[in-house]
Amino acid sequence: MTLKKTLAALSVATLPLTLAACGGDNSGSDSASGSGDGIVTVNGSEPQNPLIPANTNETGGGRIVDSIYAGLVYYDGDGEAQNELAESIEPNDDNTEFTVKLKESKFSDGSPVTAKNFVDAWNYAVANDQLNASFFANIKGFEEGVEKMEGLKVVDDHTFTIALNSPEQDFPAQLGYSAFYPLHESALEDMDAFGQNPIGNGPYKLSEWNHNQDATVVPNEEYKGGQTPQNDGIKFVFYASQDAAYADLLSGNLDVLDAVPDSAFDVYEADLGDRAVNQPTAIFQSFTLGENLEHYSGEEGVLRRQAISYAINREEITDTIFKGTRTPAKDFTSPVMPGYSEDIKGNEVLEYDPEKAKELWAEADKLNKWDNPTLEIAYNSDGGHKSWVDATTNSIKNTLGIEAVGAPYPDFKSLRDEVTNRTIKTAFRTGWQADYPSQANFLAPLYKTNGSSNDGDYTNPEFDKLLDEALTSTSEEDAIKKYTEAQEVLFKDLPAIPLWYSNATGGYSENVDNVVFSWKSQPVYYNITKK
């Protein structure tokens, strides 16, 4: 969640199967078509990239990647790490080296999953600077573009070792994230082609991918892990709007929806009754003003970010637009994370204070007179963001007396492509859906120098140092203290403007049972049964 997980928001095969490479047009689906009796239809979005775990950091691709691959551990519905392919992950005395022993398991084509499949995949991610390469940064020998990390050693087919540069107390818990999944040896021959039709090792295998329309996964007969599908497959339908998805849910053409559109917040619980979902989750939402934009660098940039933050009436927006399905942010993580605090020094900048906002804006004008015609916040139109963006820009406009508007993109992929390529010229919506239950998973990818999802290219040596100290702490208590200090730095710089935390707001049709939403707001797909 990306959102990574950029959100995003929260953050998922066999060769003989046929894929439609270019099905449909670029507008997405207006409704879900019929499917097999045991296939569960759920909402989704077109993946930004081919389905390669270490090169997927957004929720559209992440939903599918997490379904067709399996890692050393997986996270149950409560966010607890459970061994998946790992028989054991044993640390040395100071948490700088881990010995991994694998269970017997197979890819969907019947070939064995070996230690080499893990080591080769991780080395490839770093050598080719894939989007999640920074997750390997603490492994000895990590360096951008390096062919092989010296900290990875294959002992035998079922054993490998991981040597770290410094102690990392939560390292085993990280290993359920998709960046750490193994890859079939054929992937190394042509990664992009493989990602269009991957051979995975997860609960499901990819059956069909009709670009910009839908993708279907079916149970992987070779899978023997703890996430055994209770259905005949999952069909991810790529909707052009959340309203269309909600209409399909009500009509019985969609089985599960994991994001209710804001237009239905007033009525969805009445519409769905006990099939409605509204629960806390690990999603943080924000928007980012890159330092490369005019007026947002240096001291002027800090003042303008602070002024904009004070100009946003979060309480009013969460009450009026989201009808209690969002909670105004108090930090840069999530209330469901260990060590969360509402009382971090500097977080008063998240309060609505029009006078303070005007005062800071005037100070910034003394340094460099504001001459931009409009402050724009970019968002993807297929994600149900228009209402809150309009409310946020109106709050800024009415407080600061400047023009502020939303800048819609047709879909998530087109927005993310401009953000990733650093061609976007406006502020843009950002956020994160946790990959594993730790504050580090919010702070490191989003704000550490060269972090995998540091879309604003923020860098601050003090923040990096505090984060490193947290990651090398010998206890969770000590780590949490350092995370708090690191967030104090973020509240001075505001590399992103925190907005609110999301609840999981979804629902399901009368055609399915056993629908449970996990700690990171996504349905536990493999548990869902058809009636």
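In the predicted model, ten residue pairs are in polar contact between domain 1 and domain 2, with both residues of each pair at pLDDT 80 or more. On the side of domain 1 that touches domain 2, the elements giving two or more residues are α1 (59-68), β2 (73-75) and α4 (191-196). Helix α1 provides the largest share of that side, namely five residues. By residue class, the side of domain 1 that touches domain 2 comprises nine nonpolar, ten polar and seven charged residues.

The domains themselves follow from the assignment for the chain, in which domain 1 spans 44-196, domain 2 combines 204-277 with 504-530, and domain 3 covers 280-503. The centres of domain 1 and domain 2, taken over C-alpha atoms, are separated by 26 Å. Contact between these two domains involves 26 residues of domain 1 and 25 residues of domain 2. The size of an interface is often expressed as the accessible area lost when the parts come together. For domain 1 and domain 2, about 2100 Å² is buried between them, and 54% of this area lies on carbon and sulfur atoms. Of the area that domain 1 buries against domain 2, 26% is supplied by E46, R63 and S67, more than by any other three residues.

One salt bridge is counted between domain 1 and domain 2. R63 and D258 form a salt bridge in which the closest N and O atoms are 3.0 Å apart. The pair links distant parts of the chain, since R63 belongs to helix α1 and D258 to the loop between β11 (256-257) and α6 (268-272), 195 residues apart. R63 has a relative accessible area of 8% and is therefore buried. D258, at 10%, is likewise below the 20% limit and so is buried.

Over the whole structure, the search finds 20 salt bridges. Another of the pairs is formed by the side chains of K205 and E221, with an N to O distance of 2.7 Å. Because K205 lies in strand β8 and E221 in the loop between β9 and β10 (233-238), this pair ties together parts that are 16 residues apart in sequence. The two partners fall into opposite classes of accessibility: K205 is buried at 10% relative accessibility, whereas E221 is exposed at 53%.

A salt bridge within a helix is provided by K413 and D417, whose side chains meet at 2.8 Å, N to O. Both residues lie in helix α11 (residues 412-420), and their spacing of four residues corresponds to about one turn of the helix. K413 is partly exposed, with a relative accessibility of 29%, and D417 is also partly exposed, with a relative accessible area of 24%. In addition, E300, R304, D365 and K369 are joined into one network by salt bridges that share partners.

Backbone geometry was also examined. Most residues other than glycine have a negative phi. N212, which is not a glycine, has a positive phi near 65 degrees. N212 is located in the loop between β8 (204-210) and β9 (214-219). A positive phi, of about 50 degrees, is also found at L494, again a residue other than glycine. L494 occupies the loop between α14 (476-493) and β17 (497-508). With a relative accessible area of 1%, L494 is buried.

Two helix positions were considered individually. T393 is part of helix α10 (residues 386-400) and counts as buried, because its relative accessibility of 2% is under the 20% cut-off. When residues up to four places away in sequence are not counted, T393 touches I377, A404, V405 and G406. A362 is placed in helix α9 (residues 354-367). At 36% relative accessibility, A362 counts as partly exposed, because this value falls between the 20% and 50% limits. A362 and L303 are 59 residues apart in sequence, while their C-alpha atoms are 9.1 Å apart in space.

Methods
Residues are numbered from 1 along each chain as its sequence is written. This is a predicted model: local features need pLDDT of at least 70, side-chain atom pairs count only at pLDDT 80 or more; totals for chains, interfaces and linings use all residues. Side-chain values use heavy atoms; hydrogens and water are left out. Domain bounds come from an automatic or database domain assignment. Contact means heavy atoms within 4.5 Å. Buried area is the accessible area (1.4 Å probe) that two parts lose on being put together, summed over both. A salt bridge is a side-chain nitrogen of Lys or Arg within 4 Å of a carboxyl oxygen of Asp or Glu. A polar contact is a pair of N or O atoms within 3.5 Å; within protein, one must be able to donate a hydrogen and the other to accept it, and residues adjacent in sequence count only if both atoms are side-chain atoms. Ala, Val, Leu, Ile, Met, Phe, Trp, Tyr, Cys and Pro count as nonpolar, Asp, Glu, Lys and Arg as charged, and the others, Gly among them, as polar. Buried means under 20% relative accessible area, exposed over 50%, partly exposed in between (1.4 Å probe, protein chains only).
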